[in-house]
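Work through the exercises below with the structure open beside you. Try each task before reading its solution.

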Amino acid sequence: MSNITEEYVEEYIRELLPDHQGQLKVIEENALENQVPIVHKEVAALLKVITKASKSKRILEVGAAVGYSSILLCQAAGDGAKVTTIERNEKRAEEARVNIEKLGLSNNIQVIEGDAQEVLNFLQGTYDLVFLDGAKGHYKEMLEQCINLLKVGGILISDNILFKGMVANDDLVVRRKRTIVNRMREYLQYICNHPQLDTSIIPIGDGVAISYKKLEESK
């Protein structure tokens, strides 16, 4: 039996999904042309569905890049949406601000430039949804900060958790990526067994983990 993650299945899914239009399409095309990593088309669709289904309004994103997923999340959240996104690269943070302004969302999306592990310590309040899409080798180090900022009943979405399939198959591991792969495996083990989280792993895009924050069980 063929594996459902074969490329032809991914291509079929992507062809089914409608293309974005207008300025968001321009941002997408520019990102792809300049090899800026953005969420895969099927992951973008998942983000929108989860945001709408969970009625998330206050959203935190780690890893803005050029603002593509920040805009997706904000548009999906609708009226009253407030997105805080963190980007450590100065050039990309500025590009994100420009793209966000072009779509008239500057009052809804705040771009914070800096190292996420430091910025997370200074954020106030709680969030309905956290999208973790920053430095792949540091997910576990940021997890507790993200959980603390997430409301009970909130959703944590972790992107790129299969890391080009390397996390699931040693035969695919590139030597220089071994450290990141090992750290991601530790992260997945951790979130799948974390007492405050119920987690599901979905093999779309580069792998997505969806975690629901529950009350910690009494010991």
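The exercises that follow deal with a pocket, some residues that line it, cysteines and backbone angles.

This is a predicted model, in which local features need pLDDT of at least 70, side-chain atom pairs count only at pLDDT 80 or more, and totals for chains, interfaces and linings use all residues. Residues are numbered from 1 along each chain as its sequence is written, and side-chain values use heavy atoms, with hydrogens and water left out.

**Exercise 1.** Describe the largest pocket and its lining.

Solution. Start with the term: on a 1 Å grid over the protein atoms alone, a pocket is an open set of points where a 1.4 Å probe fits, with protein on both sides within 12 Å along at least five of seven lines, and lining residues have an atom within 4 Å of a point. Next, the volume, which is the space filled by probe spheres set on the points, with grid points joined across faces, edges and corners. For the largest pocket this comes to about 800 Å³. The lining has 31 residues, and those closest to the pocket centre are P37, D133, G134, A135 and K136. Then look at the elements, where helices (H or I, at least four residues) and strands (E, at least two) are DSSP runs numbered from the N terminus. Those that give two or more residues to the lining are β1 (58-62), α4 (68-77), β2 and α6 (116-119). Last, sort the lining by class: twelve residues are nonpolar, nine polar and ten charged. Here Ala, Val, Leu, Ile, Met, Phe, Trp, Tyr, Cys and Pro count as nonpolar, Asp, Glu, Lys and Arg as charged, and the others, Gly among them, as polar.

**Exercise 2.** Which residues does the UniProt annotation "binding site" cover?

Solution. The annotation comes from an unreviewed UniProt entry and covers V39, S69, E87, D115, A116 and D133. Such annotations may be inferred rather than shown by experiment. Now compare with the pocket: its lining takes in V39, S69, E87, D115, A116 and D133 from this set.

**Exercise 3.** Is V39 buried or exposed, and is E87 buried or exposed?

Solution. Buried means under 20% relative accessible area, exposed over 50%, and partly exposed in between (1.4 Å probe, protein chains only). V39 lies in the loop between α2 (22-33) and α3 (41-53). Its relative accessible area is 5%, so V39 is buried. Beyond four places in sequence, its contacts (heavy atoms within 4.5 Å) include Y68, S69 and D133. E87 belongs to strand β2. With a relative accessible area of 9%, E87 is buried. Not counting residues up to four places away in sequence, E87 touches R92 and E113, among others.

**Exercise 4.** How many disulfides does a search of the whole structure find?

Solution. A disulfide is a covalent bond between the sulfur atoms of two cysteines. The test used is a pair of cysteine sulfur atoms within 2.5 Å. The search finds zero. As for two cysteines, C74 is buried at 3% relative accessibility, whereas C192 is partly exposed at 39%.

**Exercise 5.** What is the phi of Q35, and what is the phi of K55?

Solution. Most residues other than glycine have a negative phi. Q35 is not a glycine, yet has a positive phi of about 55°. Q35 sits in the loop between α2 and α3 and is exposed because its relative accessibility is 71%. K55 also has a positive phi of about 55°. K55 is placed in the loop between α3 and β1, and at 66% relative accessible area K55 is exposed.
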